[in-house]
Amino acid sequence: MLDDTEGYVTEDGRKIGGVVMEMKNITLRFGGVVAIKDISFDIREGEIRAIIGPNGAGKSSMLNVISGFYHPQEGEVWYKGKKRPGMRPYQVAQQGIARTFQNIALFEGMSVLDNVMTGRIRQMSTGMFAQALWKGKAEQEEVENRETVEKVIDFLEIQHIRKTPVGRLPYGLKKRVELARALAAEPSILLLDEPMAGMNVEEKEDMSRFILDVNDEFGTTIALIEHDMGVVMDLSDRVVVMDYGKKIGDGSPDEVRSNQAVIDAYLGVQHD
Amino acid sequence: MIYREAGDFKTSYAADSQTFPIRLDRLGYYVILLVAFLVVPFVVNDYWANSVLLPFLIYSIAAIGLNILVGYCGQVSLGTGGFMAVGAYAVYKLMTAFPDVSIFFHVIIAGGITACVGVLFGLPSLRIKGFYLAVATLAAQFFLVWLFNRVPWFYNYSASGQITAHERTVFGIPVTGPETSAWAAYLFCLVFLVASAIIARNLTRGMVGRKWMAIRDMDIAAEIIGVDPLRAKLSAFAVSSFFIGISGALFFAVYLGAVEVGEAFGINKSFLVLFMIIIGGLGSIFGSFAGAAFLVLLPVFLKNVLVGTLGWPTDTAAHLELVIVGGLIIIFLIAEPHGLAQLWRLAKEKLRLWPFPY
């Protein structure tokens, strides 16, 4: 097993740092249903970490635990070397964990620009009274953050729809706007819940490129859930495999691919 | 062709996020301000002030306030009348307790007091949504009116149970009481309206407004990207009630002069202001103005036409007026659910290209 503090270097020469987030023996139950059973894994700084598994394996529940939406009955979440106390989702976001959703969760009535600006919530602190006057600090802060947001908009190539209300956009673009909103927060960990669900091959290629670029250019740590095996194996540095709430595999894509338990889970196994 | 945005380039982000990004809009805004402040006060008479201008100004403030809560933050409220009553009774108590302080500050403090009451009645919004919240605010409406009726301390133990505004001055000119001239009352309300509109616009174009709209559009997603729902919802209740309190204070002190709470601030008032923002356009400051103008002017206009021009008896005209207003509201909601503000936006988009279709 790798050391906690030291990282490693990937085949393509990217440096992966120490552990930034660690899940320790997480168990999550809904009444009598055990969604996640005693799972532990870690996420290292700068890596792309995938969580895969068949339907109903508990992947999304895991992501919801990380983003503070579900509170596990047992186990601990360690973030940046500290045990995280029970937190509301917005407090988790303020710590620098941003996410996207499986079914897009954008603010439909607002323009693309406003949606992405909302992602800057962590960096904008002007009080209500200063903002009511819109002079000095309030205006300055708005302009400074707009500059960052425009960089993200450039990066994801959505300049042309800046002022369009999100409700009018097609699905693929909405997914991209949602990624932009998460990126605008300049998160330390970016959680992507099925970023390529429902996309055609071209859109998937675009999205994969954006994910790799984000990781490469900003060094953002990314944890993602995805069903498309080809995509997962190509993108990620390490993969966690879940099945029926249990962890059945963890390691590099190659290790996971040759893991018998994983093959059984995906292809089925003959019971005699 | 005259009204267009082509060639009107923005070179800074500050210029792009200003209130009126199109130059001609900006010019129009300044012209309207100039006329409102420098021309109207000289030509206004008692009839125009009392039947058109004062109600329009005061209802516009209330509509802006309610629009922040319902249109921007998505929290339905039927307590507007009750909150206006809080503003009215607050300004009355302040006027009588501190007669030496300027009425200007009394009105602002009355707004502040209403904001506190609004936050208190906004607390249920953290647990309940939609129709259920509307019912909870309805409770606020009835409770507040009952409170002001039943506790004599609020109306200074007067025998009639009414509250009456005594004469108060700004720069030596009376703005409340029987001696008030039309132009002074008009200007006093206009100052509050312009300030309210500017503050509301500044709040809604920045992060505070984005938090409200995020809560409105999808509260769970808003919380996950870092919006504290408690603070966002309560701040919307506070700001909204602040404006509604100011409008209630002006409605009592400047416009009516004497008030019986159940009559002036009953449930009808809550619905009237709600209709204003629905007809004007939810989530739009301009819509608040348009809705207030529509519902203030329409009855006056109908009355003039029916009684003045056609010579019908007054009571028939009054009944028919209700029918017409009600019918228009329904037609409006079917034809343009996004209100007058949306019509205005569409008209502007067409004008930008005129005379070409594309």
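## Val170(B), a partly exposed strand residue

Val170(B) counts as partly exposed because 15 other C-beta atoms lie within 10 Å, which falls between the cut-offs of 12 or fewer for exposed and 20 or more for buried. Keep in mind that this is a predicted model. Val170(B) sits in strand S2 of chain B, which covers residues 169–170.

So what does Val170(B) touch, not counting residues up to four places away in sequence? Its partners are Ser102(B), Ile103(B), Phe104(B), Val175(B) and Phe188(B). As for Thr19(B), it is 151 residues apart from Val170(B) in sequence, and their C-alpha atoms are 30 Å apart in space.

## Met84(B), on helix H4

Over to Met84(B), which belongs to helix H4 of chain B. Is Met84(B) buried or exposed? Met84(B) has 33 C-beta neighbours inside 10 Å, so it counts as buried.

If you skip the neighbours within four places in sequence, Met84(B) is in contact with Ala62(B), Ile244(B), Ser247(B), Gly248(B), Phe251(B), Phe265(B) and Lys269(B). Pro178(B) lies 94 residues from Met84(B) along the chain, with 22 Å between the two C-alpha atoms.

## H4 against H10 in chain B

Met84(B) is also one of the residues that H4(B) brings to its contact with H10(B). Helix H4 (residues 80–97) of chain B packs against helix H10 (residues 229–256) of chain B with an angle of about 60° and axes 7 Å apart. That angle makes H4(B) oblique to H10(B). The crossing of H4(B) past H10(B) is right-handed.

Who makes the contact? On the H4(B) side you'll find Thr80(B), Phe83(B), Met84(B), Ala85(B), Val86(B), Gly87(B), Ala88(B), Ala90(B), Val91(B) and Tyr92(B). Facing them from H10(B) is a set including Ile244(B), Ser247(B), Gly248(B) and Phe251(B). By residue class, the contact of H4(B) with H10(B) has 14 nonpolar, six polar and no charged residues.

## H3 against H13 in chain B

Another helix pair in chain B is helix H3 (residues 46–72) with helix H13 (residues 285–309), packed at an angle of about 145° with their axes 8 Å apart. H3(B) passes H13(B) in a right-handed crossing.

From H3(B), the residues in play include Pro55(B), Phe56(B), Tyr59(B) and Ala63(B). H13(B) contributes, among them, Phe289(B), Gly291(B), Val296(B) and Leu297(B). Sorted by class, the contact of H3(B) with H13(B) comes out at 13 nonpolar, six polar and no charged residues.

## Chain A as a whole

Chain A holds ten helices and twelve strands. Its radius of gyration is 19 Å, close to the 19 Å that the globule rule gives for 272 residues, so chain A is as compact as a globular protein of that length. Along the principal axes, the C-alpha atoms of chain A fill a box of roughly 75 × 40 × 40 Å.

Of the 272 residues of chain A, 42% count as buried. Looking at contacts in chain A with a separation of 6 or more, 67% come from residues 24 or more positions apart.

## Where chain A meets chain B

How many residues of chain A are in contact with chain B? There are 34 of them, set against 24 residues of chain B. On the chain A side, the elements giving two or more residues are helix H2 (89–94), strand S8 (97–99), helix H3 (112–118), helix H4 (128–133) and helix H5 (137–155). H5(A) gives the most, with six residues.

The chemistry on this side of chain A is mixed: 18 nonpolar, seven polar and nine charged residues.

Note on methods: Residues are numbered from 1 along each chain as its sequence is written. Chains are lettered from A and ligands numbered from 1 in the order in which they are written. This is a predicted model: local features need pLDDT of at least 70, side-chain atom pairs count only at pLDDT 80 or more; totals for chains, interfaces and linings use all residues. Axes are lines fitted to C-alpha atoms, for helices over the stretch in contact, and angles run from 0 to 180 degrees between N-to-C directions. Helices (H or I, at least four residues) and strands (E, at least two) are DSSP runs, numbered from the N terminus. Angles under 35 degrees count as roughly parallel, over 145 as roughly antiparallel, 65 to 115 as roughly perpendicular and the rest as oblique. A crossing is left-handed if the near helix is turned anticlockwise from the far one by less than a right angle, and right-handed if clockwise. Two residues are in contact if their C-beta atoms, placed from the backbone, lie within 7 Å. Ala, Val, Leu, Ile, Met, Phe, Trp, Tyr, Cys and Pro count as nonpolar, Asp, Glu, Lys and Arg as charged, and the others, Gly among them, as polar. The radius of gyration is taken over C-alpha atoms; the globule rule is 2.2 Å times the number of residues to the power 0.38.
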